[in-house]
Amino acid sequence: MDGLTRTDELVFVLAATNLPWELDAAMLRRLEKLVYAFVNLILVPLPEPEARRAMFEELLPPQPDEEPIPYDLLVDKTEGYSGSDIRLLCKETAMQPLRRLMSQLEQRQEVVPEEELPKVGPIRSEDIETALRNTRPSAHLHAHKYDKFNADYGSQIQQ
């Protein structure tokens with residue numbers, strides 16, 4: 001449910017899963033009776049470009065006096081990514097400067113005093129490219145199962 005924000009609308013989530021076909025059939029049958037047919041099974045689609053951009057801006061905010069983050073490139077290259085995939089991509093991107101620093105420190109033979117430790121550098125374009133190479137979308141692996149679940153249980157796809 002990455003990206004879900006607070007609203008004034010009343011929403012009651014009884015359960016959430018990325019694998020709805022794993023729900024027990026008996027539970028699905030009884031669930032409708034327990035809540036007097038007030039059940040909506042909703043499949044939330046993958047984030048649209050605007051939603052992906054908002055997630056990138058939130059998870060990789062621009063830093064003053066640093067190279068601007070190419071949000072347009074990230075949005076273009078992440079079609080088919082879920083919210084969780086995008087969060088992982090952002091974590092991987094943010095780790096690249098730290099890995100670069102650790103590599104430099106490991107090459108030194110002597111111990112560096114704490115006050116002389118270099119600062120972690122900014123995110124660079126190559127950090128984003130590395131993260132994109134190392135992070136793949138996962139949602140497409142189950143696309144056919146989502147379609148079947150939707151057909152079997154009459155779920156709504158929220159637009």
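This passage looks at one helix, one loop residue and one surface patch. The structure is a predicted model, in which local features need pLDDT of at least 70 and side-chain atom pairs count only at pLDDT 80 or more, while totals for chains, interfaces and linings use all residues. Residues are numbered from 1 along each chain as its sequence is written, and side-chain values use heavy atoms, with hydrogens and water left out.

A good place to start is helix H2, which spans residues 49-59 (helices are DSSP runs of H or I, at least four residues, numbered from the N terminus). Within H2, Arg52, Met55 and Phe56 are buried (under 20% relative accessible area, with a 1.4 Å probe and protein chains only). Viewed down the axis of H2, these buried residues fall within an arc of 100 degrees, so they line one face of the helix; the arc is that of the directions from the helix axis to the C-beta atoms. An α-helix has 3.6 residues a turn, so residues three or four places apart point the same way. The buried residues of H2 pack against helix H3 (71-77) and helix H4 (83-107), where contact means heavy atoms within 4.5 Å. Glu50 and Glu58, on the other side of H2, are exposed (over 50% relative accessible area).

Next comes the loop between H2 and H3, where Asp65 is found. Asp65 has a phi near 65 degrees, a positive value in a residue other than glycine. Asp65 is also exposed, with a relative accessible area of 85%.

Finally, Met102 lies in helix H4 and is partly exposed (between the buried and exposed cut-offs of 20% and 50%), at 40% relative accessible area.

Notes: Helices (H or I, at least four residues) and strands (E, at least two) are DSSP runs, numbered from the N terminus.
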